[in-house]
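Good morning, everyone, and thank you for making the time. I would like to walk you through a structure that is new to most of us, so please have a look at it before I go on.

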Amino acid sequence: MEEKIIIITGANSGIGKAAALKFATEGYRVIMACRNLKISLAAQQEIIHLSDNKLVDLMELDVSSFASIHSFCATFKSKYPHLDILINNAAYLNHGEKEYKLSPENIELSFATNTFGPFLLSSLLKNHLEKSKDPRILNACTTNIKHFFDPKRRIEFDNLQGELKDTRTYNVYKMYGDSKMALLILTFKMAEEYKDAGIKVNALQINRVKLSKETIEKMHSKWKVLARIQNLINPAPSRMADNYFDICTSEAYKNVTGQLFNHKREIIKPATSEKGIAQIKNIFGISYYPKYANDPKNVEQVWKLCTKLTFITN
Ligand SMILES: NC(=O)c1ccc[n+]([C@@H]2O[C@H](COP(=O)([O-])OP(=O)(O)OC[C@H]3O[C@@H](n4cnc5c(N)ncnc54)[C@H](OP(=O)(O)O)[C@@H]3O)[C@@H](O)[C@H]2O)c1
């Protein structure tokens, strides 16, 4: 039987690591695409040991860097004959961060990591995915996008390359939410663009998951305390990793594309109304996403930026 190959970005901690273990346990060849090989080596060894599957490879990838993505894809294609599944899991969110940061190609770091990086990676791997019998891409989204139920909320399109970094107050959560909304918009658009190639593109709206100790270690001190308290009640990453596995492998989703799933693996629909009681249901429920994601103006702007900044026309 042909080997099934999966790439998971940011697979050295949290949900990505739990997903790498799940796929390895199920016999997949897993490519852990991580930016820090030194710290990721321990995770790779742990996964090989726990899954009893030696086909777990570690490759260097900084998703925020276009140069790194190009280099990763060239190496991957020279080593592997095809790709079955790509999970764009890695993300930038540095809790409590006050400073606006730019990627190596001078793009705001949340957008470089959470939107443009996944776009470029998917685009460069498209021809390898096409060689699979059942190619699937899954993008890790978040409930943070519910802030777009606020009719005044907009993606900061005018500040993605440092244009207003010295004059506009930076809010790491706003930028994170904006970049994940852009990733959701991209999911819908990519699903259309990749239909003819048979590649299914979906997103998962992740809600609460226990944060890894590695991620907590990176936080500013007051956030560490808060994260540890939240971890007492939040579910383990393995629960979300099971969702990754099911959405990317199950027969039930074989022909499903351009959808956003909630953590119960139900398809989330665009909100039909964003007023009154309906709006309260939108905000507290898990059945609807903001109409903002389907607005053709926003779709066009996200797609234009992706193709312009990465020089990819597909
Ligand atoms: N946990 C939650 O409650 C929650 C809620 C909503 C959505 N999500 C989403 O779920 C996904 C996984 O989150 P998590 O909680 O498992 O986070 P995590 O434990 O912090 O893992 C994030 C991973 O991304 C990697 N990463 C960050 N920037 C990268 C870059 N430039 N290049 C390559 N890898 C990079 C990190 O690597 P390093 O170790 O090198 O930093 C780490 O392995 C993310 O997309 C996140 O936005 C999580």
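I will talk about the ligand and its surroundings, and then about two pairs of helices.

Please keep in mind throughout that this is a predicted model.

Let me begin with the ligand, which has 28 residues around it, and of these Arg-35, Asn-89, Tyr-176, Thr-215 and Lys-218 come nearest. Tyr-176 also has a polar side-chain atom that lies 2.5 Å from an oxygen atom of the ligand, and for Ser-212 the corresponding distance, again from a polar side-chain atom to a ligand oxygen atom, is 3.3 Å. On the side chain of Asp-62, an N or O atom is found 2.8 Å from a nitrogen atom of the ligand.

Turning to the helices, helix 1, residues 14-25, and helix 8, residues 237-249, have axes that come within 8 Å and cross at roughly 55°, which makes helix 1 oblique to helix 8. The crossing is right-handed, and the residues that make the contact include Ala-18, Ala-19 and Phe-23 of helix 1, together with Met-240, Ala-241 and Phe-245 of helix 8. By type, the residues of this contact divide into ten nonpolar, three polar and two charged.

The other pair is helix 4, residues 109-129, and helix 10, residues 296-310, whose axes are 10 Å apart, at an angle of about 65°, and the two are therefore roughly perpendicular to each other. Helix 4 contributes Phe-116, Phe-119 and Leu-120 to the contact, while helix 10 contributes residues including Trp-303 and Leu-305. Here the contact residues comprise seven nonpolar, two polar and no charged.

Conventions. Residues are numbered from 1 along each chain as its sequence is written. This is a predicted model: local features need pLDDT of at least 70, side-chain atom pairs count only at pLDDT 80 or more; totals for chains, interfaces and linings use all residues. Side-chain values use heavy atoms; hydrogens and water are left out. Axes are lines fitted to C-alpha atoms, for helices over the stretch in contact, and angles run from 0 to 180 degrees between N-to-C directions. Helices (H or I, at least four residues) and strands (E, at least two) are DSSP runs, numbered from the N terminus. Angles under 35 degrees count as roughly parallel, over 145 as roughly antiparallel, 65 to 115 as roughly perpendicular and the rest as oblique. Contact means heavy atoms within 4.5 Å. Ala, Val, Leu, Ile, Met, Phe, Trp, Tyr, Cys and Pro count as nonpolar, Asp, Glu, Lys and Arg as charged, and the others, Gly among them, as polar. A residue is near a molecule or strand if one of its heavy atoms lies within 4 Å of it. A polar contact is a pair of N or O atoms within 3.5 Å; within protein, one must be able to donate a hydrogen and the other to accept it, and residues adjacent in sequence count only if both atoms are side-chain atoms. A crossing is left-handed if the near helix is turned anticlockwise from the far one by less than a right angle, and right-handed if clockwise.
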